[in-house]
Amino acid sequence: MNTNIDMEQLAQDADNIFHQGFACSESVIYAIRKNFEIDLSDDAIAMSSGFPWGLGGGGCICGALAGGTMCIGYFFGRRTPGDPRNQRCFALTKELHDFFTESFHSPCCGVLIKDYDRDAPERKAMCTDIVTSTAKKTAEIILRELKHDEQQES
């Protein structure tokens with residue numbers, strides 16, 4: 001795993017793949033996987049394919065936020081029932097949610113894009129900013145927490 005992350009490269013990777021046809025959730029997961037060099041199957045990207053447009057067009061949670069949440073869960077989520085790690089994962093996810101809401105005023109895709117045509121360049125530009133900002137914040141949270149864990153082990 002790589003923890004020497006160039007945040008501008010991570011953002012560029014998210015931007016590039018978003019403009020090549022991945023949606024918001026897929027782009028965040030792709031950029032985190034690529035830059036952290038983690039052994040994460042394409043299945044994780046496929047599992048996020050229903051998030052775009054607010055859960056398949058329902059207008060709920062933004063896919064970028066959902067993708068970031070999935071990445072936090074990959075690093076800090078529990079893998080067995082009853083494992084208390086979920087409390088840490090909840091706190092980190094809440095941090096990402098709060099950042100997202102402060103930055104973009106709503107976690108809901110439908111609210112974020114309501115004033116735009118789906119194919120409008122202005123909507124695509126706004127979503128690109130959301131994707132790259134969310135990928136960077138997700139990476140910052142992961143890096144901080146990995147460093148904390150490393151310090152605890154020393």
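At roughly what angle do the axes of helix 1 and helix 2 cross? In this predicted model, the axes of helix 1 (residues 7–20) and helix 2 (residues 24–36) cross at roughly 140 degrees and come within 8 Å. Helix 1 and helix 2 are therefore oblique to each other, and their crossing is right-handed.

Let's look at who meets whom. From helix 1, the residues Gln 9, Leu 10, Asp 13, Ala 14, Ile 17 and Phe 18 take part. On the side of helix 2, they meet Cys 24, Ser 27, Tyr 30, Ala 31, Ile 32, Lys 34 and Asn 35. Phe 18 has a further partner: the charged end of Lys 124 sits over the ring of Phe 18, 4.0 Å from its centre.

Helix 2 is also home to Ile 29. Is Ile 29 buried or exposed? With a relative accessible area of 2%, Ile 29 is buried, because buried means under 20%. Leaving aside residues up to four places away in sequence, Ile 29 touches Leu 40, Ala 44, Ile 45, Ser 48, Gly 67, Met 70 and Cys 71. Take Met 70 from that list: along the chain, Ile 29 and Met 70 are 41 residues apart, while 7.7 Å separates their C-alpha atoms.

Now for the aromatic rings. The model has five aromatic pairs. In one of them, the ring centres of Phe 22 and Tyr 30 lie 6.1 Å apart and the planes stand at 75 degrees; this angle is over 60 degrees, so the pair counts as edge-to-face. Another pair is Tyr 74 and Phe 75, with centres 5.2 Å apart and planes at 90 degrees, so this pair is edge-to-face as well.

How open are these four residues to their surroundings? The table gives their values.

| Residue | Relative accessible area | Class |
|---|---|---|
| Phe 22 | 27% | partly exposed |
| Tyr 30 | 22% | partly exposed |
| Tyr 74 | 28% | partly exposed |
| Phe 75 | 12% | buried |

Tyr 30 has come up before, as one of the helix 2 residues that meet helix 1.

Which residues form one aromatic cluster with Tyr 74 and Phe 75? Phe 36 and Phe 76 join them in that cluster. Tyr 74 has a charged partner too: the charged end of Arg 79 sits over its ring, 5.8 Å from the ring centre. So within this one cluster you can find Tyr 74, which is partly exposed at 28%, and Phe 75, which is buried at 12%.

Key. Residues numbered from 1 in each chain as written. Predicted model: local features only at pLDDT ≥ 70, side-chain atom pairs only at ≥ 80, totals over all residues. Heavy atoms only, no water. Phe/Tyr/Trp six-rings, centres within 6.5 Å; stacked < 30°, edge-to-face > 60°. Buried < 20%, exposed > 50% of the residue type's maximum accessible area, 1.4 Å probe, protein only. Lys NZ or Arg CZ within 6 Å of the ring centre and 35° of its normal. Axes fitted to C-alpha atoms, helices over the stretch in contact; angles between N-to-C directions. Helix = DSSP H or I, 4+ residues; strand = E, 2+ residues; numbered from the N terminus. Parallel < 35°, antiparallel > 145°, perpendicular 65-115°, else oblique. Left-handed = near helix turned anticlockwise from the far one by under 90°. Contact = heavy atoms within 4.5 Å.
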